Amino acid sequence: MNDVLWRLRGALIVSVQADDGSPMRDTGIIAAMSRAALLGGARGLRLRSPEDIRAVRALTDVPLLGLTKQAQPGSPVYITATPGEVRAVAQAGADIVAFDGTDLPRPYAVADLIAEAHACGARAMADISTLAEAHAAYAAGADIVGTTMSGYTPHSPQQAGPDFELMRALVGAGLPFIAEGRLNTPELAARALATGAHAVVVGSAITRPDHVTRWFAQALGASGDRSS
């Protein structure tokens, strides 16, 4: 493991993002939430735009995982899908560039994105959905993979909870990984680390109050339906 990944060993990485159209989709708010996450014990942050990365980089020297989310013509891939996006994220101050590492139809090969990240002095993290994609990402030169995309590709399990089966398969194959995806309680995050994750990313449960509010509202609505 290189130095920046070693610093993240056993760490909580907080994904500080807001959807387009959300009142939280403001760089000043993202920076404030990042500071709050750091005060709470986060040892890394995952951020979704060069603007957010630059703002947060000015506040802290913790490892930053950077990405973009941009629709691509003719492709379902939208997480850091082009070398230009990789470069923009790295130049903004991200230590690790996260990108879609699945085998979905894509505008650029995984190897091209990894090469660009390395050329910019950043590490490359492939967000994958299956064990086969993890093997392919490492073969292409990725520094780490994340379970981020499990459940978001048609060929991965569609389930409400985290993909612990994928995590166990990665451990069995000797492939280091960062756990991410539906780890929305402290118990699930701790279980992911105990399963063998190098680090754990938690996002919505910490930094998306609109999502968390929806969980409660839907639960109360369901409860009301049962009692009617």
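Reader: In this predicted model, how do the axes of helix α7 and helix α8 lie, and at what angle do they cross?

Author: Two numbers describe such a pair, a distance between the axes and an angle between their directions, and here the axes of α7 (residues 164-172) and α8 (residues 186-195) come within 9 Å and cross at roughly 20°. Angles under 35 degrees count as roughly parallel, and α7 and α8 are therefore roughly parallel to each other. The crossing in which α7 passes α8 is right-handed.

Reader: Which residues of α7 and α8 make the contact?

Author: On the side of α7 they are Phe164, Met167, Arg168 and Val171, while α8 contributes Leu188, Arg191, Ala192 and Thr195.

Reader: Turning to the strands, what holds the strands of a sheet together?

Author: The general idea is that strands in a sheet pair through hydrogen bonds of the backbone, and this pairing can be parallel or antiparallel. In this structure, eight strands with parallel pairing form a closed barrel, in the order β1-β2-β3-β4-β5-β6-β7-β8. On average, and with direction ignored, neighbouring strands of this sheet are turned by 30° against each other.

Reader: How many bridges join β1 to β2, and which residue of β2 stands opposite Val14?

Author: The parallel pairing of β1 and β2 extends over three bridges, and the residue opposite Val14 is Leu45 in β2. Leu45 also has a bridge partner in β3, namely Leu64, and β2 and β3 are again paired in the parallel sense over three bridges.

Reader: What lies along the chain between these parallel strands, and what is the handedness of the units?

Author: A helix lies between the two strands in each of these cases: β1, α2 and β2 form a right-handed β-α-β unit, and β2, helix α3 (residues 50-57) and β3 form another right-handed unit of this kind. Further along, β3, helix α4 (residues 83-92) and β4 also make a right-handed β-α-β unit, and the chain then crosses from β4 through helix α5 (residues 110-119) to β5 in a right-handed β-α-β crossover.

Reader: Which way do the side chains of a strand such as β2 point, and are they buried or exposed?

Author: It helps to sort the residues of a strand by the side to which they point, and in β2 Gly44 and Arg46 point one way whereas Leu45 and Leu47 point the other way, all of them being buried.

Reader: How many residues of β4 are buried, and which way does each of them point?

Author: Strand β4 (residues 96-100) is mostly covered, with five of its five residues buried. Ile96, Ala98 and Asp100 point to one side of β4, while Val97 and Phe99 point to the other, and here too all are buried.

Reader: Which strands pair with β4, and over how many bridges?

Author: Strand β3 (residues 64-66) runs parallel to β4 and is joined to it by two bridges, whereas β4 and strand β5 (residues 123-127) pair in the parallel sense over five bridges.

Reader: Which residues could I look up in order to see the partners of Gly66, Ala98 and Phe99?

Author: Starting from β3, you will find that the bridge partner of Gly66 in β4 is Val97. On the side of β5, Ala98 stands opposite Met125, and the bridge partner of Phe99 is Ala126.

Conventions: Residues numbered from 1 in each chain as written. Predicted model: local features only at pLDDT ≥ 70, side-chain atom pairs only at ≥ 80, totals over all residues. Heavy atoms only, no water. Buried < 20%, exposed > 50% of the residue type's maximum accessible area, 1.4 Å probe, protein only. Helix = DSSP H or I, 4+ residues; strand = E, 2+ residues; numbered from the N terminus. Pairing = 2+ DSSP bridges. Right-handed = clockwise from strand over helix to strand, strands pointing away. Axes fitted to C-alpha atoms, helices over the stretch in contact; angles between N-to-C directions. Parallel < 35°, antiparallel > 145°, perpendicular 65-115°, else oblique. Left-handed = near helix turned anticlockwise from the far one by under 90°. Contact = heavy atoms within 4.5 Å.
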